[in-house]
Structure formats: structure tokens, C-alpha cells
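Please open the model in your viewer and keep the sequence panel beside it. The tour below moves from one selection to the next and says what is to be found at each stop.

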Amino acid sequence: MKHSDCAPIIAYIGLGSNLAKPVVQIKSARIAIASLAGVQELAFSSLYHSLPMGPQDQPDYVNAVMGVATDLLPMELLRSLQHIENEHGRVRKAERWGARTLDLDILIYGDQEIDLPDLTVPHKGLAERSFVLYPLFEIAPQLLVPGKGPIADLVAECPLSGLRRLE
Ligand code: ROI
């Protein structure tokens, strides 16, 4: 759906997977996101290998960040991303921070700070998560993270914690 006559918003989406061939999941999700009506891909980071944050008895992750221009409202974008997660066999388990085939998070939505029951933007864990910050910095080195400041400053304060680029 297109909202009013507003210019498209630049948004950044975090992608993560640690089940069922994570690289395949991430590449397939990229195509699905770019195919959404009202979403246009602007940039896609390298793929990164990362150690699990949270419970350690789960496989390592593959992470990436995608930049898009979108006409979708934040909740429309969220619902579309959740639909793609479900199509990729995502099963929501009771365990917090467990393994997942595909996780799609809205990291940034223009310059907006959003605090809704189902959606917090910028993403809550952004500043502490190397697997989000470094790929985001790769594709948007000049970004100002709403409420938090320049991405370069956040990266400088965030240890790599085992993150490495794939390929
Ligand atoms: N850990 C890593 N390395 N990458 C993720 O994408 C990721 N996603 C999560 C939790 C379970 C917090 N840990 C993660 O949701």
C-alpha cells in the first residue's frame, strides 16, 4: 500500500539466520524483500558470520543489512517482513533468543523514533550488536542513528565479538 504523497523513506533491515542453510535463507529473503510492492533495494551489505548472542547452545549466525526506499508505513513494512519470515519456515518458540531460520528486523526507518507495542525503532539492541552495526556501517557510513548519534561512533564503541565477513 502506498501512503499519501510522501517521498519514500529510507529504511534499514537487519537479516539473520542460523538454521536450514543460513546463506541460502539470507539470499532468498533479500529477493523476497526487494520484490515487495512499495519497497526498492538501495544497498546490501556483505554477509557476516557471527557468534550467537544469547543462548550458546545454538549454531553460529549469518547476518547482513539491507537498505531500502519504501512507501510502506512502519507497521506495513513490519507485517510484510513477518510474512516473509513465516514463508521461510520461521517457527516462533517459547524460548527467548533461540535459533531461527530467518529473522528480519526494522533497524532504522528514516529519522523516526517509533515506540509501539510490536515495534521499537531504532532497534533496541542496535548499539550493542556488532552483527548489526558493522554491516550497517558498511552500507551507510554517514548514517545518523536517531536518538543515538553517528554510526561511526557506535561502531567505535562496539567490539567485533567474533564477527567476520564471509566470502
Ligand atoms: N546472534 C547473532 N549472532 N545474530 C543474530 O541475528 C541474532 N539474533 C537474535 C539473537 C537470538 C538475539 N542472537 C543473535 O535474535
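Which residue's backbone oxygen lies 2.7 Å from a polar atom of the side chain of Arg-100? Select Arg-100 and look around its side chain: the backbone oxygen belongs to Gly-98, and the separation from a polar side-chain atom of Arg-100 is 2.7 Å. Please bear in mind throughout that this is a predicted model.

**Arg-100 and its partners**

Stay on Arg-100, which is placed in the loop between α2 and β5. The relative accessible area of Arg-100 is 15%, and the residue therefore counts as buried, the limit being under 20%. Add Asp-103 to the selection, and you will find a polar contact of 2.9 Å between the side chains of Arg-100 and Asp-103. Then show the ligand as well, since a polar side-chain atom of Arg-100 lies 3.1 Å from one of the ligand's oxygen atoms.

**The ligand and its shell**

With the ligand displayed, select Ser-50, whose side chain has an N or O atom 2.8 Å from a nitrogen atom of the ligand. Next select Asn-63, where an N or O atom of the side chain is 2.8 Å from an oxygen atom of the ligand. If you draw a surface on the protein at this point, keep in mind that the protein covers 97% of the 350 Å² of accessible area that the ligand has on its own. The space that the ligand takes is the largest pocket.

To see the whole shell, select Gly-16, Ser-50, Leu-51, Pro-52, Met-53, Tyr-61, Asn-63, Trp-97, Arg-100, Asp-103, Arg-129 and Phe-131, which are the residues around the ligand. Coloured by class, this shell around the ligand shows six nonpolar, three polar and three charged residues.

**Trp-97, a member of the shell**

Keep Trp-97, one of the residues around the ligand, and hide the rest of the selection. Trp-97 is placed in the loop between α2 (74-87) and β5 (103-109), and its backbone deserves a look, for phi is near 65°, a positive value in a residue other than glycine. Is Trp-97 buried, partly exposed or exposed? With the protein chains alone counted as cover, Trp-97 has a relative accessible area of 33% and is therefore partly exposed, a class that lies between the limits of 20% and 50%.

**Two further backbone stops**

Move to Ser-161, in the loop between α4 (151-156) and β10 (164-165). Here too the backbone is the thing to inspect, since phi of Ser-161 is near 50°, a positive value in a residue other than glycine.

Then select Val-121 together with Pro-122 and display the backbone atoms: the peptide bond from Val-121 to Pro-122 is cis, with omega near -10°. Pro-122 itself lies in the loop between β7 (119-121) and α3 (130-139).

**Around the loop between α4 and β10**

Return to the loop between α4 and β10 and select Cys-158, which lies there. Cys-158 is buried, with a relative accessible area of 5%. Now add Arg-129, which is 29 residues away from Cys-158 in sequence, while the C-alpha atoms of the two are 7.4 Å apart in space; Arg-129 is also among the residues around the ligand.

Glu-157 is placed in the loop between α4 and β10 as well. At 67% relative accessibility, Glu-157 counts as exposed. A distance drawn from the C-alpha atom of Glu-157 to that of Ala-127, 30 residues apart along the chain, should read 8.5 Å.

**Last selections: Gln-142 and Leu-72**

Select Gln-142 in the loop between α3 and β8 (144-145). Gln-142 is exposed, with a relative accessible area of 72%, and its C-alpha atom is 7.4 Å from that of Ala-152, the two residues being ten apart in sequence.

Finish at Leu-72, which is found in the loop between β4 (61-70) and α2. At 4% relative accessibility, Leu-72 counts as buried. For a closing distance, connect the C-alpha atoms of Leu-72 and Glu-128, which are 56 residues apart along the chain and separated by 28 Å.

Note on methods: Residues numbered from 1 in each chain as written. Predicted model: local features only at pLDDT ≥ 70, side-chain atom pairs only at ≥ 80, totals over all residues. Heavy atoms only, no water. Helix = DSSP H or I, 4+ residues; strand = E, 2+ residues; numbered from the N terminus. Buried < 20%, exposed > 50% of the residue type's maximum accessible area, 1.4 Å probe, protein only. Near = heavy atom within 4 Å. Polar contact = N/O pair within 3.5 Å; in protein donor to acceptor, adjacent residues only side chain to side chain. Areas by Shrake-Rupley, 256 points an atom, 1.4 Å probe, with all protein chains shown as cover. 1 Å grid on protein atoms, 1.4 Å probe; cavity = no way out; pocket = protein on both sides within 12 Å on 5 of 7 lines; lining within 4 Å. Sits in = over half its atoms within 2 Å of the grid points. Nonpolar A, V, L, I, M, F, W, Y, C, P; charged D, E, K, R; others polar.
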